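The exercises below ask you to read a structure step by step, with a worked solution after each task. Please look at the sequence and the model before you begin.

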Amino acid sequence: MLPLVLSATAAAAAAVPTGDRPTSPDLDVAPRIRSGIVIGLSLGAGVAGASGYPNASSEIGDPAFYSASGFMTGTSGTIFVMGALADYLNFGLWFGSGNFSNGDWRSSGGGAGLRVEAFPLVGIFPRLAGLGLLGQFGIGGANLSSSNPAHPTASGTQAFLGTGAFYEWSFGSLFGGHFGSGPSLEYDSTWSQPFERHGLVASARIVFYGGP
């Protein structure tokens, strides 16, 4: 009996080499739509509103120093550098800024942080493989000032959260990669103790993928 057990054990060890682990077949599938480095740019326009206090502890919460813009219009731009981890996922960094104004107020600001893009329909509805959802997280600074010097300037260094949806069509090729472009709609929110700004921006997006 003992020789039989030892023989079976040796055969099993030979069949599954030490250190090898079973892998899912999905992990072995090569990317078909997007891979490699991702370098992109989005430029757009939209509406925003900002409100708050000067960035001074003695003035925060005092109604005499409160400013609010109402609706403003303006432009926004974002540069992102990421990696296409799979056909359905991009992840990396973003850098952006936006400027908005109306007849009485103007607000400028920018930030940077992490960006993730997911393409949820790649596997279940390939015709919409270009439909993506995005999320941006980070930190930045913004301000709100008035053409009327009697109104105090509000500002702050704040957290940033952005979310949205976009669609991209692939076209062209360069250096073994390809381009993609399409529309994007994004809601951005920045907030801190003294100041906050919220905006909705429609953009045109262009991106280069380093792989096929």
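**Exercise 1.** Not counting residues up to four places away in sequence, which residues does isoleucine 79 touch?

*Solution.* Keep in mind throughout that this is a predicted model. Begin by finding isoleucine 79, which has its place in strand 3, residues 72-86. Once residues up to four places away in sequence are set aside, isoleucine 79 touches Gly40, Leu41, Leu93, Trp94 and Phe95. Next, consider its exposure: the relative accessible area of isoleucine 79 is 45%, and partly exposed is the term for values between 20% and 50%, so this residue is partly exposed. Finally, look along the chain to arginine 205, which is 126 residues apart from isoleucine 79, while the C-alpha atoms of the two are separated by 9.9 Å.

**Exercise 2.** Decide whether serine 67 is buried or exposed, and describe its surroundings.

*Solution.* Serine 67 is found in strand 2, which covers residues 67-68. Its relative accessible area is 1%, and the limit for a buried residue is under 20%, so serine 67 is buried. Leaving aside neighbours within four places in sequence, its contacts are Ala50, Ser51, Gly52, Trp105, Leu144 and Pro152. With proline 152, a polar atom of the serine 67 side chain lies 2.7 Å from the backbone oxygen.

**Exercise 3.** Classify the ring pair of phenylalanine 119 and phenylalanine 166, and explain which parts of the chain this pair ties together.

*Solution.* A pair of aromatic rings is described by the distance of the centres and the angle of the planes. The structure holds six aromatic pairs. For phenylalanine 119 and phenylalanine 166, the ring centres are 5.6 Å apart and the planes stand at 90°, so the pair is edge-to-face. Phenylalanine 119 lies in the loop between strand 5 and strand 6, and phenylalanine 166 lies in strand 7, so the pair ties together parts that are 47 residues apart in sequence. Both of these phenylalanines are buried, and the charged end of arginine 205 sits over the ring of phenylalanine 166, 3.9 Å from its centre.

**Exercise 4.** How many residues has the largest nonpolar core, and which strand supplies the largest share?

*Solution.* The largest nonpolar core has 14 residues, and among those with the most contacts inside it are Phe80, Phe119 and Tyr209. Strand 3, strand 7 and strand 10 each supply at least two residues of this core, and the largest share, three residues, comes from strand 3. A second, separate core has 10 residues, including Ala50 and Phe100.

Note on methods: Residues numbered from 1 in each chain as written. Predicted model: local features only at pLDDT ≥ 70, side-chain atom pairs only at ≥ 80, totals over all residues. Heavy atoms only, no water. Phe/Tyr/Trp six-rings, centres within 6.5 Å; stacked < 30°, edge-to-face > 60°. Helix = DSSP H or I, 4+ residues; strand = E, 2+ residues; numbered from the N terminus. Buried < 20%, exposed > 50% of the residue type's maximum accessible area, 1.4 Å probe, protein only. Lys NZ or Arg CZ within 6 Å of the ring centre and 35° of its normal. Polar contact = N/O pair within 3.5 Å; in protein donor to acceptor, adjacent residues only side chain to side chain. Contact = heavy atoms within 4.5 Å. Core = buried A, V, L, I, M, F, W, Y, C linked by side-chain atoms within 4.5 Å.
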